[in-house]
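Hi,

Here is the structure I promised to pass on. Have a look at it first, and my notes follow underneath.

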Amino acid sequence: MSDKTTSASGKKPSVGGEMIIPAAGILFTLYYFSTILDSPWTAQVNAFFVGSILIALSLLLIGLRVRAVMRREAVVSFTELAKPAALVPKRLALLALAIGYIFIIQWAGFTLTTFLFLACAMTVLSSGRRLGLNVLLAAVFALSGWMLFVVAFGTRFPAGPFEALMAQVM
Amino acid sequence: MDADWTLIGNLFLRDLGYWWLIIPSILLGYIVGAIPGFSAANTIIILLPITFAMKPEMALVFMVALYCSSRMGAGIPAILVNIPGTAGAAATPLDGYPMVQQGRGNQALAISFTSSVIGGLITTVVALAIMPWLGEVTQIMHSVEMIVVMLFGISLIATIASKDPLKGLIAGFFGLMLGAIGADVVYSTPRGTFGLLELYDGVPLIPALVGLFAVSEAFLMIEGESILTRRGMELMKEAGWRETWEGVTITLQRWWHVVWTSIIGLIIGVVPGAGAGIAAFVAYQQSKTYSKTPEKYGTGHPEGLIAPESANNGVTSGTLVPMLVIGVPGGATAAIMMVVMQYHGVILGPALFIRNPEYAFAPFVTSLVTYMLMLLTVLPLARYMSKVTVVSTVYMAPVVIAFTLVGSFVPRDYLFDMGLALIFGVIGYVARKTGYHTAAILIGVLLGPLLENYFLRALRISEGDITVLFSSTVGNVLWVLLVISVATPYLIDWRRRAQAAA
């Protein structure tokens, strides 16, 4: 989807969400500065230049938004991030599955983990409907991925029981 | 080193005879280009035993065909699902993806294919004709000149930020800070790495690309049944050959745009280490700056798609020039080609034009033949490829996440990079939900480290004298062009307002 801008939430615009990136920028820059305080100037010059500008711009934006809130022209709220609210559980489930995918792949291997992730994610997103189709598609994609990446391109993806079995068979 | 046109004609006929090798290489190139993390360079490495077993001219034909087609392949997912296959295609979705959402996917692909092929053909012919002079570009583009070229690309942040300058600049500088993660180039002091060894070499580009574009896109696309708008869905269902032909016509009508943006790619590609990502962003920025309708950029404007696609294919020809003329590869794929050719006893460099002139001109002639065959093979596929956009997001989102996350694993074989892609995905999601442009963040991550490297190199050579930035004639000309380029949109806007007020 195209980039979304913070729009009016109710009657007043919500400004909480748009302060996350500047706040993260400031925190990261301060951490970055702390890692180069004792470094030679060659390691500092770029970061101090770029970081100072980032902090100044971020503070300016935060200041403008705080002023808008104090003037009651805007409200602090993070609802824009979660819109549409009905999708929040699905989105969080998809994120949890993606995190699980990264952790499990090192033990279960590429093919099996990809199959499990795809089957679960498709089932979650379709609200449990068309389970058979989801499992079938997950299997097709996982096996196609295995054939393309592992067999054809020889990519060194983590191997699991499926890859071990196929290595014996082939 | 002057072009021997009889030899070139013979090479052309010989390469046409290799159609049976070029067409499969083209199809392989589309696949590896389209998957983030895979690239022509990786694929040639995987297939090194085959290239060693081939005759040298066949190995060269295979590698060049794969190289050219992978560049075009990278643009396909960038347009259809907002996922650039490589950094060179990172500017492609800026206008390509909005076209898709409007149901003009078929047309967008045709524009991309036609501008890639024409851009590639033009730059190949230009490179063949003026190779000696292009070789000299490599000699005059030092760190100072490259700093200005980088700034051309970085100034795109301001261009992207035109709707909300403050947010655009914050996104760009945030990207520049993230791009500064890693050991410094002089003393290898770790900076901002959170103690993670995997970040000592800096933020790897593919996980950043995958996260900011693909993963965040997957989390957003589930808001609808399809990535298309309702009207877009209707148009896409009716789309056929007519839309493909429209795309070709639109590009041909803007032939001059293709020419000059592809030449930008050629010149930047000639500079070793510069790369297609820089060329695509610089071409996009220049295209918008001198457009009569800059306000249309980012909304699905054909010229915004033509510029990066022509430029990144121009880079393909450009990277071959220093490899052949001075024996210095212009990029990773060129470096691997060089290794293969050296294995076959072909030593690249100035003496090549005397000892083995057939190998000196062959890469460009093969590019020429490849681009011609590419147009014939890929254009008919546009209407079928574009149908992928009507697939339900229930299936598309999980597939995008799974295959791009594993794609981020490929370049370094680190599971860490998959996690990093997910973190960038969350950053991208928050950014897009709150009105920050992910392309501005990516420009920072991509160009920031390069700018720092060139800047420090210039300062070291001048022993810390900052005036070195204005010490070369070519550099000063580029500075003036940069100032003109940045100021032009504001001057045009100011004049329009003044005229409207009068």
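Let me start with confidence in chain B: among its elements, helix α10 (residues 156–160) has the lowest mean pLDDT, at 69, while α23(B) has the highest, at 94. As you will gather, this is a predicted model. Chain B as a whole has a mean pLDDT of 84, with 96% of its residues at 70 or more. For chain A the mean is 87, and 94% of the residues reach 70 or more. Go carefully at the start of chain A, though: pLDDT stays under 50 over residues 1–9. The model still gives that stretch 36 contacts beyond four places in sequence. For the complex, the predictor reports an ipTM of 0.90 and a pTM of 0.81.

Back to α23(B), since it comes up again below. This helix has 19 residues and spans 28 Å from its first C-alpha to its last, close to the 27 Å expected at 1.5 Å a residue. Is it enclosed or open to the outside? Of its 19 residues, 14 are buried, so α23(B) is largely enclosed by the rest of the structure. After the helix comes Gly435(B), with a positive phi near 85 degrees.

Now the backbone oddities. Most residues other than glycine have a negative phi, and most peptide bonds are trans. Three places caught my eye with that in mind:

- Asp413(B) is not a glycine, yet its phi is positive, about 60 degrees. You will find it in the loop between α22 (393–409) and α23 (415–433) of chain B. Its relative accessibility is 26%, so it counts as partly exposed.
- Arg130(A) is another non-glycine with a positive phi, here about 50 degrees. It lies in the loop between α5 (110–125) and α6 (131–152) of chain A. This arginine is partly exposed too, with a relative accessible area of 48%; the cut-off for exposed is over 50%.
- The peptide bond from Lys83(A) to Pro84(A) is cis, and its omega is near -10 degrees. Pro84(A) sits in the loop between α3 (79–82) and α4 (88–108) of chain A.

What about internal space: how many cavities of 30 Å³ or more does a search of the whole structure find? Just one turns up. The largest cavity has a volume of about 30 Å³. Its lining is made up of Leu60(B), Met323(B), Leu324(B), Met341(B), Val346(B), Leu348(B), Tyr359(B) and Pro363(B). The elements that give two or more residues to this lining are α17 (302–325) and α20 (357–378) of chain B. By type, the lining residues are eight nonpolar, no polar and no charged.

One last residue to look at is Ser69(B), in helix α5 (residues 56–81) of chain B. Is this serine buried or exposed? Its relative accessibility is 0%, so Ser69(B) counts as buried. Leaving aside residues up to four places away in sequence, Ser69(B) touches Ser25(B), Ile26(B), Gly29(B), Tyr30(B) and Met374(B).

That's what I have. Over to you!

Cheers

Definitions and conventions: Residues are numbered from 1 along each chain as its sequence is written. Chains are lettered from A and ligands numbered from 1 in the order in which they are written. This is a predicted model: local features need pLDDT of at least 70, side-chain atom pairs count only at pLDDT 80 or more; totals for chains, interfaces and linings use all residues. Side-chain values use heavy atoms; hydrogens and water are left out. Helices (H or I, at least four residues) and strands (E, at least two) are DSSP runs, numbered from the N terminus. Buried means under 20% relative accessible area, exposed over 50%, partly exposed in between (1.4 Å probe, protein chains only). pLDDT is the predictor's confidence in each residue, from 0 to 100. Contact means heavy atoms within 4.5 Å. The expected span of a helix is 1.5 Å times one less than its number of residues. On a 1 Å grid over the protein atoms alone, a cavity is a set of points where a 1.4 Å probe fits but cannot get out, and a pocket is an open set with protein on both sides within 12 Å along at least five of seven lines; lining residues have an atom within 4 Å of a point. Grid points are joined across faces, edges and corners, and a volume is the space filled by probe spheres set on the points. Ala, Val, Leu, Ile, Met, Phe, Trp, Tyr, Cys and Pro count as nonpolar, Asp, Glu, Lys and Arg as charged, and the others, Gly among them, as polar.
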